[in-house]
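Student: Can we go through this one together? I'd like to know what backs up each label.

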Amino acid sequence: MSGEKNLAALLKSMKPKHNLGEFVFCKTTHLEQINLSQIIMTFKEEESTTIIAKKEVADQLNLDYSYIASWITLTVHSSLEAVGLTAAFFKCTS
């Protein structure tokens, strides 16, 4: 299933959705001690596993983080080959 590659078409058809809450990136070397149903996303890196979670979940798990972020879903089916969508979105909103 291929997605849209044309930046103008992507920008015209997307409907940004703000996901409520505060979100953080944390790293852990003890993933087995974390209930994954509370975690939004994990990805394995060389030195540890990075976790994306709601801030309150990270606080409950006593995980360190240095930045609190919002989560915006662009609700558009873009191709992995599409270039510039995120940059163009933030340029339009700033």
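**Sheet and loop**

Tutor: Sure. In this predicted model, four strands form an open sheet in the order 2-3-1-4, with antiparallel pairing.

Student: What makes strand 2 and strand 4 stand at the edges?

Tutor: Count partners. Strand 2 (41–44) and strand 4 (68–73) each have a single partner strand, so one side of each has no neighbour in the sheet. From one strand to the next, the twist averages 30 degrees.

Student: How do you know that strand 1 and strand 4 pair?

Tutor: Pairing takes at least two bridges. Strand 1 (residues 17–28) and strand 4 are joined by five bridges, so they count as paired. They run antiparallel. Among the partners, His 18 bridges to Ile 72 in strand 4, and Val 24 bridges to Ile 68 there.

Student: And what joins strand 1 to strand 3?

Tutor: Six bridges, with strand 3 covering residues 49–54 and the two running antiparallel. Set that against the cut-off of at least two bridges, and this counts as a pair too. Opposite Lys 27 you'll find Thr 50 in strand 3.

Student: Away from the strands, where is Ser 79 found?

Tutor: Ser 79 sits in the loop between strand 4 and helix 3 (85–93).

Student: Why is Ser 79 called buried?

Tutor: Buried means under 20% relative accessible area. Ser 79 has 12%, so the label buried fits.

Student: Which residues does Ser 79 touch, not counting those up to four places away in sequence?

Tutor: With those left out, Ser 79 touches Gly 3, Glu 4 and Lys 5.

How values were computed: Residues are numbered from 1 along each chain as its sequence is written. This is a predicted model: local features need pLDDT of at least 70, side-chain atom pairs count only at pLDDT 80 or more; totals for chains, interfaces and linings use all residues. Side-chain values use heavy atoms; hydrogens and water are left out. Axes are lines fitted to C-alpha atoms, for helices over the stretch in contact, and angles run from 0 to 180 degrees between N-to-C directions. Buried means under 20% relative accessible area, exposed over 50%, partly exposed in between (1.4 Å probe, protein chains only). Contact means heavy atoms within 4.5 Å.
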